[in-house]
Amino acid sequence: MSLLNDYRINQETVLLTGEYDENGKLCTRVIEGKNTFLVNMKPIEVINKTMVGLGSNFHAGRKSTREILGDINMCPIKINCHLGIWLFPTKSYNDEFCIWFSLKHVQKTKPVGIRKTEVYLSHNHTFIVNMKQSAFNDRKQKAKDLRDEMLKNSQGKLTFYVELEKGLVIFEGEGINRYRIKK
């Protein structure tokens, strides 16, 4: 079993969850494409490190989600809008065994017993989670709502600026009134 020291969430990341290694250290189990491996970081550390590399962080992402969707628990989070990477949790992010599913890799769900749900994922993976299908689908829907709202908010008008005449030339000098403008 391979153990990576560093990892960034990408388009092939299907899910992440907490798992203890043989030394009892909390690591991250990643399913990426058809592969699975452990990362020597906690799931929140993987998420945060990925987001920091994209100019944000986990707490700012949660704050944005709550601003858009209201004061909800177990917030979905945007990793990368342009690449279509949105994650949603099965439990509180503080729970060691919270599973973070990538929205685009969840295909369908099926109830299995009273409090279990079989989740069908990309690459023919299935994952049975200990939660009701309705609760799982509600979290998935919140991630879709966040995605739709953020994509709508990012659609803007394209503005062109055409400069027809020469602008100002500004010189910095000395003293209290440092700037001189030449037309």
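**Entry 1: helix α2**

I began with helix α2 (residues 58-69): at 1.5 Å a residue, its 12 residues should span 16 Å, and the end C-alpha atoms are indeed 16 Å apart, which agrees. The expected span is 1.5 Å times one less than the number of residues in the helix. Helices here are DSSP runs of H or I with at least four residues, and strands are runs of E with at least two, numbered from the N terminus.

I note that this is a predicted model, in which local features need pLDDT of at least 70 and side-chain atom pairs count only at pLDDT 80 or more, while totals for chains, interfaces and linings use all residues. Residues are numbered from 1 along each chain as its sequence is written, and side-chain values use heavy atoms, with hydrogens and water left out.

Next I asked which residues of α2 are buried. They are F58, G61, R62 and T65. Seen down the axis of α2, these buried residues fall within an arc of 100°, so they line one face of the helix. The arc is taken from the directions from the helix axis to the C-beta atoms. On the face turned away from the buried side I found the exposed residues H59, K63 and E67. Buried means under 20% relative accessible area, exposed means over 50%, and partly exposed lies in between (1.4 Å probe, protein chains only).

**Entry 2: cysteines**

I then looked up how many disulfides the whole structure holds. The search finds zero; a disulfide is counted as a pair of cysteine sulfur atoms within 2.5 Å. For C81, the nearest cysteine sulfur is that of C75, 17 Å away. For C98, the nearest cysteine sulfur also belongs to C75, at 11 Å. C81 is buried, with a relative accessible area of 17%, and C98 is buried at 1%.

**Entry 3: salt bridges**

In general, side chains of opposite charge can pair when their charged atoms come close. I counted a salt bridge where a side-chain nitrogen of Lys or Arg lies within 4 Å of a carboxyl oxygen of Asp or Glu. By this rule the count comes to eight.

I recorded one between D6 and R8, at 2.8 Å from N to O. D6 is partly exposed at 37% relative accessibility, and R8 is partly exposed at 36%. D6 and R8 are also linked with K49 in a network of salt bridges.

Where do K142 and D138 lie? Both are in helix α3 (residues 133-153), four residues apart, about one turn of the helix. Their side chains meet in a salt bridge of 3.6 Å, N to O. K142 is partly exposed at 23% relative accessibility, and D138 is partly exposed at 40%.

I also noted D148 and R147, whose closest N and O atoms are 3.3 Å apart in a salt bridge. D148 is partly exposed, with a relative accessible area of 41%, and R147 is partly exposed at 26%.

**Entry 4: a nonpolar patch**

Last, I looked at the surface, where L168, I170, Y179 and I181 form a nonpolar patch with about 460 Å² of accessible area together. Patches are made of residues with over 30% relative accessible area and no salt bridge; like charges are joined within 9 Å, and nonpolar side chains (Val, Leu, Ile, Met, Phe, Trp, Tyr) within 5 Å. Accessible areas come from the Shrake-Rupley method with a 1.4 Å probe, and for residues only the protein chains shown count as cover. I170 has its place in strand β11 (residues 169-172). Is I170 buried or exposed? At 53% relative accessibility, I170 counts as exposed.
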